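Open the model in your viewer and show side chains as sticks. The stops below are meant to be selected in order.

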Amino acid sequence: MIQTILLKNRPKGNPKSSDFEFVKDDKTPTVNEGELLLETIYVSVDPYLRGRMSDAKSYMPPFELNKPMKSGIIAKVKSSKNDNFKEGDYVMGMLDWKTLQISSGKELMKVDAEKAPLSAYLGILGMTGLTAYLGLTQIGKPQKGETLIVSGAAGAVGSVVGQIAKNLGLRVIGVAGTDEKVELLKSKFGFDEGINYNTTTDMKAAIAKAAPNGIDIYFDNVGGPISDAVLFNINKFSRTINCGAISVYNETELPKSISVQPFLVKNSALMQGFIVSNYSEKFPEAMKQLGEWLAAEKLTYTETVVEGFENIPQAFMDLFEGKNTGKMVVKI
Ligand SMILES: NC(=O)c1ccc[n+]([C@@H]2O[C@H](COP(=O)([O-])OP(=O)(O)OC[C@H]3O[C@@H](n4cnc5c(N)ncnc54)[C@H](OP(=O)(O)O)[C@@H]3O)[C@@H](O)[C@H]2O)c1
């Protein structure tokens, strides 16, 4: 039997269980010449999927209604009539939220289960690691001795950004949603300071206290009020990497925000949107560096693993409640 999760409704505000539909099919798919049958092992759930559930113009086309949801998936080849893959291979690709599916093999990448845990290819050795490394180096242009602040700091991308910045000799401050996460930033990931935005009443002052020399680089994963507070603390020639804005993804009206222009003008500061796929020519260089740091134990990671195909939508929705630490993946 094959189970599939379809996009049933375009969410209004926070995504809900009723925006997804589970369907079952008893037929075993036929594998034609050139094709392979894939069994899903791990599914990545990511905040950006929320954007594809709506039909607003973006950098990726919206998901179609009543069609399967898709994301980064690690799958095992169950049978193959494609010369490039054999039964038992593990692959990664942008695949449907299905327990079993047919693929042409195009745009699938083989992954080595001996070299790293399979789920790592959806996180530190996948989009997460690439986003953290390339966003920070290409736009942030970090210099030893500078101060970096990262929001969503205990999440998948944020926890890697902070560690890379430490490896490059920066002072690192992380902003996260619970005291446990803030503690982890310092104890596991080596951050210098952490701020719990849910219990801090004056973020502007808390950032000033944690960064007495001001902020040179802001790696922004969340947007909204946290990012407004950072603006009051930026230095001359500071760089802000707009990687994500999870705090506003579910807003139904344009959020009120302070005007960024005076802050940028006064500080000759840069603020630039970042999309990892624009930097694909730099992926090999980034993977090499991330691999070296991992091998040298100068980089570590954590995952939140949810079990069961039926829990994919809930795991996705939980990202907006901060229920994950590190990369959120679903094990099938
Ligand atoms: N531009 C790109 O190419 C690219 C690629 C990958 C990811 N991204 C973006 O990067 C960001 C992080 O992605 P990720 O995959 O690493 O997810 P993640 O950080 O692992 O998970 C999302 C986290 O966001 C925090 N959050 C949720 N609602 C929030 C709010 N209202 N205010 C502040 N924080 C909130 C939660 O942590 P707390 O407990 O701390 O609230 C949650 O754990 C997202 O915005 C995503 O869209 C961009």
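Select R10: at 23% relative accessibility this residue is partly exposed, a class that runs between buried (under 20% relative accessible area) and exposed (over 50%), with a 1.4 Å probe and protein chains only. The model is predicted, so local features need pLDDT of at least 70 and side-chain atom pairs count only at pLDDT 80 or more, while totals for chains, interfaces and linings use all residues. Residues are numbered from 1 along each chain as its sequence is written, and side-chain values use heavy atoms, with hydrogens and water left out.

Add D55 to the selection. R10 and D55 form a salt bridge, with 3.9 Å between the closest N and O atoms; the term requires a side-chain nitrogen of Lys or Arg within 4 Å of a carboxyl oxygen of Asp or Glu. R10 sits in the loop between β1 (2-7) and β2 (20-25), and D55 in the loop between α1 (49-53) and β4 (70-80), so the pair ties together parts 45 residues apart in sequence. Helices (H or I, at least four residues) and strands (E, at least two) are DSSP runs numbered from the N terminus. D55 is exposed, at 58% relative accessible area.

How many salt bridges does this rule give? The count is 12.

Next, select K110 and D89. Their side chains form a salt bridge at 3.7 Å, N to O. This pair links distant parts of the chain, 21 residues apart: K110 is in strand β7 (residues 109-111) and D89 in the loop between β4 and β5 (90-96). K110 is partly exposed at 46%, whereas D89 is buried at 10%. Add K86 as well, since K86, D89 and K110 are linked in a network of salt bridges.

Then go to K323 and D318, whose side chains meet in a salt bridge of 3.6 Å, N to O. Is each partner buried or exposed? K323 is exposed, with a relative accessible area of 53%, and D318 is buried, with 13%.

Now select the ligand and the residues around it, meaning those with a heavy atom within 4 Å. There are 28 of them, and K181, Y197, F274, V276 and N324 come nearest. By class the shell has 18 nonpolar, nine polar and one charged residues; Ala, Val, Leu, Ile, Met, Phe, Trp, Tyr, Cys and Pro count as nonpolar, Asp, Glu, Lys and Arg as charged, and the others, Gly among them, as polar. Helices α2 (127-140) and α3 (156-167) each supply at least two residues of this shell.

Where does the ligand lie relative to the domains? Domain 1 (2-123 + 301-331) and domain 2 (127-277) both give residues to the shell, so the ligand lies between them. The bounds come from an automatic or database domain assignment.

Show distances from the ligand's oxygen atoms. One oxygen is 2.8 Å from a polar backbone atom of A156. At Y249 the partner is a side-chain N or O atom, at 2.8 Å. A backbone N or O atom of V276 also lies 2.8 Å from a ligand oxygen. The protein covers 92% of the 910 Å² of accessible area that the ligand has on its own, by the Shrake-Rupley method with a 1.4 Å probe.

Two backbone stops remain. Most residues other than glycine have a negative phi. K141, not a glycine, has a positive phi of about 40° and lies in the loop between α2 and β8 (147-151). E297 has a positive phi near 55°, in the loop between α8 (283-295) and β14 (303-307), and is exposed at 71% relative accessible area.

Definitions and conventions: Polar contact = N/O pair within 3.5 Å; in protein donor to acceptor, adjacent residues only side chain to side chain.
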